[in-house]
Amino acid sequence: MTTRTGPLLQLAIDCLTTGEALTILDEVYPCFDIAEVGTPLLVEEGLSALETLKSRHGDKKYLADIKIMDGGRIEACSAFRRGADLATVLAVADDVTIRQTLDAAIEQQAQIVVDLINAPDPVERARQLEQMGAGILCLHTAYDLQSTGADPLDNMERIRRSVSCRLAIAGGIDLDRASAALERGADIIVVGGAITNQPDRRAAASAIYELLDGK
């Protein structure tokens, strides 16, 4: 399994079939630290897609982007039993749900990423989540909002000053924004289309991977 401890590159695989996901994974490997099995793929093909991807390149970590909103322990345990090293819960979920996912992660020796997508006050919510025991928070600009000019770097500095846990940033991240996010204190850079939609996916991933490797 990947042993890098510095800034990490999370490859967001948001296609609709396991076959396409495998193609992306193979083309980009080994230039990522975490493979995110995206919500669209999980909706279409379920957690079996995660199992298939992990069986191909098991030296990397795998995140199930299941965006838990309810049934915290049940859904988190399902992901972890199927091989997820990390799973996502929404910051707008009830505190009880979030605590259940965090408990499940401890029991399964895995990790929870709390996604701040659409949180009304992400800075204050980040403080609350860290106090609850969250170890990784993700500042996430929704896909549907990116066309409106929403900047994934908004609030990054304020959140970084407010919490000491690990911070991921997601939503419209490319090489330039990755560099800016690192300067603002990001620990995990989540990149999707800036890699997966490129004609040379390996080269696109390698450029960002090397940027992180130099930090």
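**Exposure, burial and empty space in a predicted model**

Lys67 is partly exposed, with a relative accessible area of 26%. This value comes from a predicted model. Lys67 belongs to strand β3, which covers residues 61-68. Its backbone also deserves a second look, since phi of Lys67 is near 50°, a positive value in a residue that is not glycine. As background, most residues other than glycine have a negative phi, and most peptide bonds are trans.

Asn118 is another residue to look up in this respect: its phi is positive, at about 65°, although Asn118 is not a glycine. Asn118 sits in the loop between β5 and α6 (122-132). Is Asn118 buried or exposed? With a relative accessibility of 66%, Asn118 counts as exposed, because the cut-off for that class is over 50%. The peptide bonds hold something to find as well. Tyr29 and Pro30 are joined by a cis peptide bond, with omega at about 5°. Pro30 is found in the loop between α1 and β2 (34-37).

Helix α1 itself, residues 18-28, is a good place to see how burial can follow a pattern. Thr18, Ala21, Leu22, Ile24, Leu25 and Val28 are buried in this helix. Viewed down the axis of α1, these buried residues fall within an arc of 160°, so they line one face of the helix. A general rule helps here: an α-helix has 3.6 residues a turn, so residues three or four places apart point the same way.

A helix further along the chain offers a single residue to examine. Thr97 lies in helix α5, residues 95-108. Thr97 has a relative accessible area of 8% and is therefore buried, the limit for that class being under 20%. Which residues does Thr97 touch, leaving aside those up to four places away in sequence? The contacts are with Ile68, Met69, Asp70 and Gly72.

Strand β6 gives another view of burial. Five of the five residues of this strand, 136-140, are buried, so β6 is largely enclosed by the rest of the structure. Both faces of β6 are covered: Ile136, Cys138 and His140 are buried on one side, and Leu137 and Leu139 on the other. Strand β5 (residues 111-115) runs parallel to β6 and is joined to it by three bridges. In one of these pairings, Val113 has Ile136 of β6 as its bridge partner.

The empty space in the model can be mapped too. Rolling a probe the size of a water molecule over the atoms shows where empty space is left. How many cavities of 30 Å³ or more does a search of the whole structure find? The search finds one. The largest cavity holds about 30 Å³ of space. Its lining is made up of Leu8, Ile34, Lys61, Leu86, Gln111, Ile136, Arg166 and Ile188. Sorted by class, these are five nonpolar, one polar and two charged residues. Ile136 thus brings several threads together: a buried residue of β6, the bridge partner of Val113 and part of the cavity lining.

The largest pocket contains about 720 Å³ of space. It is lined by 35 residues, and Ala12, Asp14, Glu36, His140 and Tyr143 lie nearest its centre. The lining divides into 16 nonpolar, 12 polar and seven charged residues. His140, one of the buried residues of β6, is among those nearest the centre of this pocket.

Key. Residues are numbered from 1 along each chain as its sequence is written. This is a predicted model: local features need pLDDT of at least 70, side-chain atom pairs count only at pLDDT 80 or more; totals for chains, interfaces and linings use all residues. Side-chain values use heavy atoms; hydrogens and water are left out. Helices (H or I, at least four residues) and strands (E, at least two) are DSSP runs, numbered from the N terminus. Buried means under 20% relative accessible area, exposed over 50%, partly exposed in between (1.4 Å probe, protein chains only). Contact means heavy atoms within 4.5 Å. On a 1 Å grid over the protein atoms alone, a cavity is a set of points where a 1.4 Å probe fits but cannot get out, and a pocket is an open set with protein on both sides within 12 Å along at least five of seven lines; lining residues have an atom within 4 Å of a point. Grid points are joined across faces, edges and corners, and a volume is the space filled by probe spheres set on the points. Ala, Val, Leu, Ile, Met, Phe, Trp, Tyr, Cys and Pro count as nonpolar, Asp, Glu, Lys and Arg as charged, and the others, Gly among them, as polar. The arc is that of the directions from the helix axis to the C-beta atoms. Two strands pair if DSSP finds at least two bridges between them.
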